[in-house]
Amino acid sequence: MTLRKMLKFTTNQLTSAALLPQVNNVRGIKNFKPPVLYDHIQMPERPKLHYIDRVPNYSNSQIKPPKMHKMLGLMRGPETVHNKLIHKQYGIQATGGGRMRFIHFEVIRMGLLRKLDWSRMFAIWRIDSPWQAVTKKGQGQRMGGGKGNIDHYVTPIRSGRIIIEIAGHCEYVEVKDILSKISAKLPFKAKAVSQETMEWDLAKEQWQSENNQNKYTMEYLIKNNMDDLQRKIKKIDHLYFGKYV
C-alpha cells in the first residue's frame, strides 16, 4: 500500500469515527421521587358538579321575590372565610371582586364536565347559587316611576374567594390548563391554584413585607396623611391601603 492510500484510509476512518455518536458507558444511581399516594382521599358518590338554579327557590310560593340594593360592599375587600382549600389540592381562586351570573356557573360546570376524568376526580362548589336580585328597566323608558323589575340574579364574589375545588387521584399538571382556561372566562380576575402555590404566595408576601427597605409604603403615606392623601383617597383605601379596588 502506497503512502497516499494509507493517508486516505486513515482520514476516512477518522471522519467516520467523528460522525458516530459518542456513548459514555458510565452507570450511576438515579434518585426518582416516590409516587404520590392517594389513600387518604375518599371519592364521593356524585363526583360531578351539581346543577345551579337560575332563580332562588322560596319555600312558600306566595312569597314575592324582594328587590335588593346594589350592596357593592359584598364585592370589595378580601375574603376572610372561604379563602382556603378544604381538600388541600386544587381549585380556582378569585383575585378580584365581581359578580357571577347563571351563565358563568354553566361555563364552569360544562367546561369541567367535558375535560375531567370523573372515575378518579371530583369537584365541588365553594360559592352559593345566584341569590342577589338585580333590577333593570326596559329600554326607552323615562326616568322615575320607581324601581324596575328583577332582571336576573347574581352571586357577589370578593378577592381571595375559592370558586371551585378539584380533588382526587390526580396531579396539578393534569388540571392546571383546564382551570386556567375556565378562570379566564369569568367576569373578574381569577387564577388556578394548588395548596403548594397558595402556601408559596403567602410566604412570598410575608417575606416581602418583612424585608421591604422602602419605609414609604402606601400604609405609611395614608396614616401620616402625606400630601393630604386622607382627603383624596377612597373610603376603602383607609382600610386596605390601596390593595383592593
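A pocket is an open set of points on a 1 Å grid over the protein atoms alone, with protein on both sides within 12 Å along at least five of seven lines. A volume is the space filled by probe spheres set on the points. The legends below refer to a predicted model.

**View 1. The second largest pocket of the predicted model, with a volume of about 330 Å³.** The lining of the second largest pocket is made up of E205, Q208, S209, N212, T217, M218, E219, Y240, F241 and K243. Two or more residues of this lining are given by each of the elements α4 and α5 (218-223). The greatest contribution is that of α4, with three residues. Sorted by class, the lining of the second largest pocket holds three nonpolar, four polar and three charged residues.

**View 2. The largest pocket, enclosing about 830 Å³ of space.** The lining of the largest pocket comprises 26 residues, and those closest to the pocket centre are Q93, S159, G160, E205 and Y244. At least two lining residues come from each of β1 (90-94) and α4 (195-210). Helix α4 provides the largest share of this lining, namely six residues. The residues around the largest pocket fall into eight nonpolar, nine polar and nine charged. E205 is among the residues closest to the centre of the largest pocket, and E205 also lines the second largest pocket.

**View 3. The four-stranded open sheet, in the order β3-β6-β1-β7.** The pairing within this sheet is antiparallel. The edge positions are taken by β3 (121-125) and β7; each has a single partner strand, so one side of each has no neighbour in the sheet. On average, and with direction ignored, neighbouring strands of the sheet are turned by 20 degrees against each other. Strands β1 and β6 (residues 162-168) run antiparallel and are joined by four bridges. Within this pairing, Y90 has I166 of β6 as its bridge partner. Helix α4 packs on the sheet and touches β1, β6 and β7. The direction of α4 makes about 105 degrees with that of β7.

**View 4. Surroundings of S194 in strand β7 (residues 190-194).** The relative accessible area of S194 is 2%; S194 is therefore buried, as this class covers values under 20%. With residues up to four places away in sequence not counted, S194 touches L85, Q89, Y90 and Y172. One of these contacts, Y90, is the residue whose bridge partner in β6 is I166. Strand β7, in which S194 is placed, stands at an edge of the four-stranded sheet.

**View 5. The three-stranded open sheet, in the order β2-β5-β4.** Pairing in this sheet is antiparallel. Strands β2 (98-100) and β4 (132-136) form the edges; each has a single partner strand, so one side of each is left without a neighbour in the sheet. From one strand to the next, the twist averages 55 degrees. Five bridges connect β4 with strand β5 (residues 149-157) in the antiparallel sense. In this pairing, H152 of β5 is the bridge partner of V134. Helix α2 lies across β2 and β5 and runs at about 70 degrees to β2.

**View 6. Surroundings of F102 in helix α2 (residues 102-115).** F102 has a relative accessibility of 11% and counts as buried, because this value is under 20%. Apart from neighbours within four places in sequence, the contacts of F102 are Y51, I52, D53, R54, P130 and Y153. One of these contacts, I52, lies 50 residues from F102 along the chain, and the C-alpha atoms of F102 and I52 are separated by 7.6 Å. The helix that holds F102, α2, is the one lying across β2 and β5.

**View 7. N225 and D228 in the loop between α5 and α6 (229-232).** N225 is a residue other than glycine with a positive phi, near 55 degrees. D228 likewise has a positive phi near 55 degrees and is not glycine. The relative accessibility of N225 is 32%, and N225 counts as partly exposed because the class lies between 20% and 50%. D228, with a relative accessible area of 30%, is partly exposed. Helix α5, at one end of this loop, is one of the elements that give two or more residues to the lining of the second largest pocket.

Notes. Residues are numbered from 1 along each chain as its sequence is written. This is a predicted model: local features need pLDDT of at least 70, side-chain atom pairs count only at pLDDT 80 or more; totals for chains, interfaces and linings use all residues. Side-chain values use heavy atoms; hydrogens and water are left out. On a 1 Å grid over the protein atoms alone, a cavity is a set of points where a 1.4 Å probe fits but cannot get out, and a pocket is an open set with protein on both sides within 12 Å along at least five of seven lines; lining residues have an atom within 4 Å of a point. Ala, Val, Leu, Ile, Met, Phe, Trp, Tyr, Cys and Pro count as nonpolar, Asp, Glu, Lys and Arg as charged, and the others, Gly among them, as polar. Buried means under 20% relative accessible area, exposed over 50%, partly exposed in between (1.4 Å probe, protein chains only). Contact means heavy atoms within 4.5 Å. Two strands pair if DSSP finds at least two bridges between them. Axes are lines fitted to C-alpha atoms, for helices over the stretch in contact, and angles run from 0 to 180 degrees between N-to-C directions.
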